[in-house]
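Dear colleague,

Please find below the structure that I am handing over to you. My notes on what was found in it follow directly after.

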Amino acid sequence: MSDDVMTPPHALVSGASIAGLSAAYWLRRTGWEVTVIERAPAFRDGGQNVDVRGVAREVLKRMGLFDAVKALNTTETGAVFVDGRGRVTAELPAGPEGATAELEILRGDFARAILDRLPPGVEIVYGDTITGTTEDDGSVTVTTASGRVLRADLLVVAEGVRSATRDRIFGELVDRRPLGVNMVFGTIPRTAGDDDRWRWYSTVGGRQVHLRPDNHGTTRAILSYPRDEDLASLDRDQALARVRARYAGAGWEAARVLDGFDASEDVYVDHLTQIRMPTWHRGRVCLVGDAAWCVTPMGGGGASLALTSGYVLAAYLSSTDTGPEAGTCTDTEAALAAYERWMRPLVDSVQKLPPGVVRAAYPRTRIGLAVRTLVVKALTSRLLAPLTERFTHVAGTDRPLPPIA
């Protein structure tokens, strides 16, 4: 997309997320010079379970990473609901696209696998952030907190749901939709009572406790509950104090998780918020992953959409086929529009949560819990299990991936 055919176009990617690394991988594969800017001082390991589903599995195969990701499996074999004594009350359907996917991997392990496979020539700058952008003469100029001034043919924003760069550039087009759910994630020591299943406990007040095995000898834990207060706006100590008060008397493994979070180095607090936007590109700037469409864990498939978005973006930037309206891709903006046309149906299918899903997932009373238990038992029965399994099929499409030129 540069006027000088002798000089490869330059892409600047903000955020070494799964979406950002996927974009960096595929843009470099298609001939772009790529610079990645990441605000963290070093690569970020850790994180919770993500999975690779639907069309993202094909993207992974095209990267030559399918077997590597499968080998990094969290060791989780299934998902069960438990009561206050840890007894199983229902078991979710298993299988390649079940609640526990065939390709179940920790976020940090997934990102590391892509990082290690990046083609030569991708530059990664850690410990810096974008503070300003200007567009001029078919290029974008970026200034950073450290004083760098970088000129590129394309800026790819992959900074996540709270992207500051997105907010500066797109402003009023950013539609935040809080779901009213707080989640606290962290890694805690494994105990003899932990096993290879995802165990899910619910109690009154909509409080949930989740324990999931990992492949690092520890246990990944989640505390989740409905509340309009935004824990993500608090510092760590304040947030954990609020959560500890909220979980007083919750039972099962709640006290163990709270104590484990106090000592954990990778606690992450989130107030689930969807991002919806009428467009994901403007001029020479485009959004990928959660910065564009955060679907939240309630929708699922976020990592699959992130991985796919990097491929689809690079495919249209490398191609003369603009998609449904076949024609000639004469400039970057036409390619970005084609990228958006291909991705949007996939995103929309995940973002559209059923009415009342939060209330159904987080019953607050004992009667509500009893009803939910009966419903779950029915949905996971032999008769209805095949139907229930379909709810975990995300990021799937009958459309072929656009070709890489």
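At the start of helix α11 in this predicted model, a side-chain oxygen of Asp331 comes to within 3.4 Å of the backbone nitrogen of Glu333. The helix itself covers residues 332-351, and at 1.5 Å a residue its 20 residues should span 28 Å; the end C-alpha atoms are 27 Å apart, which agrees. Along the way, α11 bends by about 35° at Met343, and a proline, Pro345, follows within four residues. Met343 is also among the buried residues of α11, as are Trp342, Leu346 and Val347. The buried set further includes Thr332, Ala335, Leu336, Ala338, Tyr339 and Glu340, together with Val350 and Gln351.

Helix α1 may be read in the same manner. Its 12 residues, 18-29, should span 16 Å at 1.5 Å a residue, and its end C-alpha atoms are 16 Å apart, which agrees. The helix is mostly covered, with 10 of its 12 residues buried. The buried residues include Ile18, Leu21, Tyr25, Trp26 and Leu27, and Gly20 and Ser22 are also among them. Just after α1, Gly31 takes a positive phi of about 105°.

I turn next to strand β4. Why can β4 be called largely enclosed by the rest of the structure? The strand comprises residues 78-82, and 5 of its 5 residues are buried, so the rest of the structure largely encloses it. In a regular strand the side chains alternate between the two faces of the sheet. In β4, Gly78, Val80 and Val82 point one way, while Ala79 and Phe81 point the other way, and all are buried.

Two strands pair with β4, as follows.

- Strand β13 (residues 197-203) pairs with β4 in the parallel sense over 5 bridges. Within this pairing, Ala79 stands opposite Trp198 in β13.
- Strand β5 (residues 88-91) runs antiparallel to β4 and is joined to it by 3 bridges. Here Val80 stands opposite Glu91 in β5. The hairpin of β4 and β5 has 5 residues between the strands, and in it Gly86 takes a positive phi near 85°.

A further hairpin is formed by β9 and β10. Strand β9 (residues 139-144) and strand β10 (residues 149-152) run antiparallel and are joined by 4 bridges. Val142 stands opposite Leu150 in β10. There are 4 residues between the strands of this hairpin, and Gly147 takes a positive phi near 100°.

Two backbone angles may merit your attention. Most residues other than glycine have a negative phi, and most peptide bonds are trans. Thr75, however, has a phi near 85°, a positive value in a residue other than glycine. Thr75 lies in the loop between α3 (66-71) and β4, and its relative accessible area of 39% means that it is partly exposed. Trp252 likewise has a positive phi, near 50°, and is a residue other than glycine. Its place is in the loop between α6 (236-246) and α7 (254-263). Is Trp252 buried or exposed? With a relative accessible area of 19%, Trp252 is buried, because the limit for that class is under 20%.

Gly180 was examined individually. It is located in strand β12 (residues 175-189) and counts as buried at 11% relative accessibility. Leaving aside residues up to four places away in sequence, Gly180 touches Tyr225, Pro226, Arg227 and Asp228, as well as His271 and Leu272. Its C-alpha atom is separated by 34 Å from that of Arg399, and the two residues are 219 residues apart along the chain.

Finally, a word on the cysteines. How many disulfides does the model contain? With a disulfide taken as a pair of cysteine sulfur atoms within 2.5 Å, the count comes to 0. Cys294 is in no disulfide, and the nearest cysteine sulfur, that of Cys286, is 17 Å away. Cys294 is buried, with a relative accessible area of 7%, and Cys286 counts as buried at 0% relative accessibility.

With kind regards

How values were computed: Residues are numbered from 1 along each chain as its sequence is written. This is a predicted model: local features need pLDDT of at least 70, side-chain atom pairs count only at pLDDT 80 or more; totals for chains, interfaces and linings use all residues. Side-chain values use heavy atoms; hydrogens and water are left out. The expected span of a helix is 1.5 Å times one less than its number of residues. The bend at a residue is the angle between axes fitted to the seven residues ending there and the seven starting there. Buried means under 20% relative accessible area, exposed over 50%, partly exposed in between (1.4 Å probe, protein chains only). A polar contact is a pair of N or O atoms within 3.5 Å; within protein, one must be able to donate a hydrogen and the other to accept it, and residues adjacent in sequence count only if both atoms are side-chain atoms. Two strands pair if DSSP finds at least two bridges between them. Contact means heavy atoms within 4.5 Å.
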